[in-house]
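User: Hello! I would like to go through a structure with you, one question at a time. Could you show it to me before we start?

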2 protein chains.
Amino acid sequence: MINKLVEKIKKTGAPIVVGLDPMLNYIPQHIQDQAFAEYGETLEGAAEAIWKFNKEIVDKTYDLIPAVKPQIAMYEQFGVPGLEAFKKTVDYCKSKDLVVIGDIKRGDIGSTSAAYAVGHLGKAKVGGKEYVPFDEDFVTVNPYLGSDGVKPFVEVCKEEKKGLFILVKTSNPSSGEFQDRLIDGRPLYELVGEKVAEWGADCMGNEYSYIGAVVGATYPEMGRELRKIMPKSYILVPGYGAQGGRGKDLVHFFNEDGLGAIVNSSRGIIAAYKQEAYAKFGEENFSDASRAAVEDMIADISGALGGK
Amino acid sequence: MINKLVEKIKKTGAPIVVGLDPMLNYIPQHIQDQAFAEYGETLEGAAEAIWKFNKEIVDKTYDLIPAVKPQIAMYEQFGVPGLEAFKKTVDYCKSKDLVVIGDIKRGDIGSTSAAYAVGHLGKAKVGGKEYVPFDEDFVTVNPYLGSDGVKPFVEVCKEEKKGLFILVKTSNPSSGEFQDRLIDGRPLYELVGEKVAEWGADCMGNEYSYIGAVVGATYPEMGRELRKIMPKSYILVPGYGAQGGRGKDLVHFFNEDGLGAIVNSSRGIIAAYKQEAYAKFGEENFSDASRAAVEDMIADISGALGGK
């Protein structure tokens, strides 16, 4: 799957991923109204609004982008119906040949991580049959429990030709509280980065490992160091746009080949119609605003990468 | 909710929690057969088997115990039907007046943690209405992202009178890989423990804070130190039984009042019928084996606490 991701990035010229993180207040009123007319103001109604919103954005952007990243929390907050919308979104994006990164940030002791890996990347055995419960291509994983919490995910990735992005340095303001603390003179996130390189070493695709890392756009200097520590790991970079990152800050997340990183924007794309720059499209045409925002993001990052 | 937990622990004399972590291979054949006869060998069939299994164990043990801890991964591995069984289990346990600790180990950047908090502890707003999506009483939270990943959970707990157990030192063999690393001469888990005490300071119930911690039974000496660092935090202690912890190892997780900790056993209770000690019950009577295992666990821990 890392090979497919790299190929699609080369083909689209777009090292970006659209974060499908639909808050209800991002969803235009007419879509909410339609969904509530059919299902009432219920969890099912909310889930339907999310699904319709996602579908329209995917339909308007899938030819420009290699990948999407649905954030499962935004679905899980609406309970079981929300998780049905998550599954529908994953399946629909795959039908459009997009690489799907499930932003699930799971991680637990070994047997429990194994269950998460089955649920999101693998196959569940029931009697003599097998099913793919959620079926993302990549998922994000939290490393706080150490190797034996991560390895069950790695094992399933090997079997299924899928991949991981492991949290190394997150984009949020307080990520430094534990991640930046010095251990033998070096920040914790560097030690986690070294582990990512180690876990990924025998998980190589053609050019890159399918065990990648998450490093926030909001910490470009740390991105530069981590790029060196994990030369073969793809870096998923959240925090572009709404969280403050800009194309010029991101060049050091990439390798000299212009590859090695994929930058996520969520709100900046899916709720673009709410920004002054895209207000001209109007709420009805929110997905055209999203398409324009994708084009602008690609131009911003390509421009910054310049000679690379 | 921490007051209810403490009250129920005092009333039952059982500082224990039954982990409802149903692997399909723990579930007796007759229950699987019934479920598959109705739903086929499908995800729905697996979910039905899990639900029936849980219900029978809860029916046979609820009068002895204060709380249950369903591990959501074991449900999530069966996709949307599995998560329906999770919800049914939570709701049923609450109808039996059990305190429900959702072992979800979520944690993300602020707005995303807020969505998880809504989904598991709070209320989702849809138009003019409100719903409780999963409705656990407590959840476990991963602290790797720092304060702003934890605080949205704390805020919802304040509103809803619910609570958290934050991962400090986990029970798995490689938990030391990052958690034990020394920062200014002290292990990371102690710094996380200090933060738990800080986050919990303005979240007091009558005797204890509703912001608690997870510390594995497999690391009793660390439990002793962490007990001192977080005197007002309840400690959820996984790793008893199958993972190797025993009652005598656990005394230092408790305060002098004999309170302050609640010990989880999953496999050791729900799959007790597979152990030699309880084989006499037979597979058909698996829930009687579970009841006997609960009684033995209470005796082991009460005995170890002795004078406390």
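User: Thanks! Let's begin with helix H2 of chain B: what covers its buried residues?

Analyst: Happy to help, and please keep in mind that this is a predicted model. In H2(B), which spans residues 29-39, the buried residues are B:His30, B:Ile31, B:Gln32, B:Ala35 and B:Phe36. Their cover draws on both chains, and it includes helix H3 (43-61) and helix H12 (286-305) of chain B together with strand S4 (124-126) of chain A.

User: Which residue just after H2(B) takes a positive phi, and of about how many degrees?

Analyst: Helix H2 of chain B runs over residues 29-39. Just after H2(B) comes a glycine with a positive phi: B:Gly40, at about 75 degrees.

User: How are the two chains related to each other?

Analyst: In general, two copies of a chain are related by a rotation about an axis and a shift along it. Here, a turn of 180 degrees and a shift of 0.0 Å along the axis lay chain B on chain A with an RMSD of 0.0 Å. That makes the relation one of a two-fold axis.

User: Which residue of chain B has the C-alpha nearest that axis?

Analyst: The axis in question is the one about which a turn of 180 degrees lays chain B on chain A. In chain B, the C-alpha nearest to the axis is 2.7 Å from it, and it belongs to B:Ile183.

User: What percentage of the contact residues of chain B recur in chain A?

Analyst: The two chains are related by a two-fold axis. Both copies use the same surface, and the share of chain B contact residues that recur in chain A is 100%.

User: Where does UniProt place the feature "active site", and is that residue buried or exposed?

Analyst: The UniProt record, an unreviewed entry, puts this feature at A:Lys105. That lysine sits in strand S3 (residues 99-106) of chain A. Buried means under 20% relative accessible area. A:Lys105 has a relative accessibility of 8%, so it counts as buried.

User: Which residues of chain B does A:Lys105 touch, and which side chain does it meet in a polar contact of 2.9 Å?

Analyst: Beyond four places in sequence, the contacts of A:Lys105 in chain A are A:Gln71, A:Thr140, A:Val141, A:Asn142 and A:Leu167. From chain B, it touches B:Lys105, B:Gly107 and B:Asp108. The side chain joined to that of A:Lys105 by the 2.9 Å polar contact is the one of A:Asp103.

User: What is the length of the polar contact between the side chains of B:Asn142 and A:Asn142?

Analyst: B:Asn142 lies in the loop between strand S6 (138-141) and helix H7 (147-160) of chain B, and at 3% relative accessibility it counts as buried. Its contacts beyond four places in sequence include A:Asn142, A:Tyr144 and A:Leu145 from chain A, and B:Lys105 and B:Leu167 from chain B. The polar contact between the side chains of B:Asn142 and A:Asn142 is 3.1 Å.

User: What joins the side chain of B:Thr140 to that of B:Asp103, and how far is its C-alpha from that of B:Ile166?

Analyst: B:Thr140 is in strand S6 of chain B and counts as buried at 1% relative accessibility. A polar contact of 2.7 Å joins its side chain to that of B:Asp103. B:Ile166 is 26 residues away along the chain, yet the C-alpha atoms of B:Thr140 and B:Ile166 are separated by 5.5 Å.

User: Why is A:Cys203 in no bond with A:Cys157?

Analyst: A disulfide is a covalent bond between the sulfur atoms of two cysteines. A search of the whole structure finds zero of them over all chains. A:Cys157 is buried at a relative accessible area of 0%, and A:Cys203 is buried at 0% too. The sulfur of A:Cys203 has its closest cysteine sulfur in A:Cys157, and that is too far for a bond because the separation is 7.6 Å.

User: How far does helix H12 of chain A reach from its first C-alpha to its last?

Analyst: H12(A) covers residues 286-305, which is 20 residues. At 1.5 Å a residue, 28 Å is expected. The reach is close to that, at 29 Å.

User: Which residues does A:Ser290 touch in that helix's surroundings?

Analyst: A:Ser290 lies in helix H12 of chain A and, at 0% relative accessibility, counts as buried. The buried residues of H12(A) pack against elements including helix H3 (43-61) and helix H11 (267-270) of chain A. Not counting residues up to four places away in sequence, A:Ser290 touches A:Ile57, A:Thr61, A:Ile269, A:Ile270 and A:Ala272.

Notes: Residues are numbered from 1 along each chain as its sequence is written. Chains are lettered from A and ligands numbered from 1 in the order in which they are written. This is a predicted model: local features need pLDDT of at least 70, side-chain atom pairs count only at pLDDT 80 or more; totals for chains, interfaces and linings use all residues. Side-chain values use heavy atoms; hydrogens and water are left out. UniProt positions are given in the numbering used here, feature names are shortened, and annotations may be inferred rather than shown by experiment. Helices (H or I, at least four residues) and strands (E, at least two) are DSSP runs, numbered from the N terminus. Buried means under 20% relative accessible area, exposed over 50%, partly exposed in between (1.4 Å probe, protein chains only). Contact means heavy atoms within 4.5 Å. A polar contact is a pair of N or O atoms within 3.5 Å; within protein, one must be able to donate a hydrogen and the other to accept it, and residues adjacent in sequence count only if both atoms are side-chain atoms. Copies are superposed by least squares on the C-alpha atoms of residues with pLDDT of at least 70 in both. A disulfide is a pair of cysteine sulfur atoms within 2.5 Å. The expected span of a helix is 1.5 Å times one less than its number of residues.
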